[in-house]
Amino acid sequence: MTRTNPGLDAASVDKLTDAVLTASRLLVAVSVRSIAAAEDSLTLPQFRLLVVLHTRGPLKHATLAEHLGVTPSTASRMVDRLVAGELVDRRHSPVSRREIVLEITREGARIVRQVTTRRRREIAKIVARMPGESRQGLVDSLTAFAEAGGEPPTDAAPEALWG
């Protein structure tokens, strides 16, 4: 559900947007370093695909493409590479044999956990350098930001997201 704040003016939105863009550059750099340390041939978009399957469970191609914000053909090419690398499995849906469902493999899940652990450690070092009084505000703001973007929390169990 999207919430809007009618009292937020354009200048405030611009200032906040600039701050988020700056922070996102740092977070992308942390993510890229974490991915490279775990699997040097994995791209950031491919890792995002693995994360979506890891957090949301088995998905059909079209649903996966929607979560990634890409066309089904783009998602299919990404999946082909990850299937070849044994990080994603294709299987028939238990509901309909005509549907193909994509699922992360144990190796794919291991890589997601490994990258997430590395990324968590690096982010924790950055957060530890922040002034204490800024930390709770950051938690509240980033939680609201993630919710507004439809991103499930990191501690959400995949089975809770499948239903």
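In this predicted model, a nonpolar patch on the surface is formed by Val28, Val32 and Leu44, which together offer about 210 Å² of accessible area. Of these residues, Val32 belongs to helix H1, which covers residues 10-38. With a relative accessible area of 42%, Val32 counts as partly exposed, because that term covers values between the 20% limit for buried residues and the 50% limit for exposed ones.

Helix H1 itself is worth a closer look. Its 29 residues reach 41 Å from the first C-alpha to the last, close to the 42 Å expected at 1.5 Å a residue. Some positions along H1 are hidden from the surface: Val30, Ser31, Ser34, Ile35 and Ala38 are its buried residues. The cover over these buried residues of H1 includes H2 and H5.

Turning to the interior, the largest nonpolar core comprises 23 residues, and those with the most contacts inside it are Leu42, Leu49, Leu50, Leu53, Leu64 and Val88. At least two residues of this core come from each of H1, helix H2 (44-56), helix H3 (61-68), helix H4 (72-84), strand E3 (100-104) and helix H5 (106-128). The most generous contributor is H2, which gives 6 residues to this core.

Leu64 offers a good view of how this packing is arranged. When its neighbours within four places in sequence are left aside, Leu64 is in contact with Leu49, Val52, Leu53, Leu59, Val79 and Leu102. Among these partners, Leu49 and Leu53 are, like Leu64 itself, listed with the residues that have the most contacts inside the largest nonpolar core.

Key. Residues are numbered from 1 along each chain as its sequence is written. This is a predicted model: local features need pLDDT of at least 70, side-chain atom pairs count only at pLDDT 80 or more; totals for chains, interfaces and linings use all residues. Side-chain values use heavy atoms; hydrogens and water are left out. Patches are made of residues with over 30% relative accessible area and no salt bridge: like charges are joined within 9 Å, nonpolar side chains (Val, Leu, Ile, Met, Phe, Trp, Tyr) within 5 Å. Accessible areas come from the Shrake-Rupley method with a 1.4 Å probe; for residues, only the protein chains shown count as cover. A salt bridge is a side-chain nitrogen of Lys or Arg within 4 Å of a carboxyl oxygen of Asp or Glu. Helices (H or I, at least four residues) and strands (E, at least two) are DSSP runs, numbered from the N terminus. Buried means under 20% relative accessible area, exposed over 50%, partly exposed in between (1.4 Å probe, protein chains only). A nonpolar core is a set of buried Ala, Val, Leu, Ile, Met, Phe, Trp, Tyr and Cys residues joined through side-chain atoms within 4.5 Å. Contact means heavy atoms within 4.5 Å. The expected span of a helix is 1.5 Å times one less than its number of residues.
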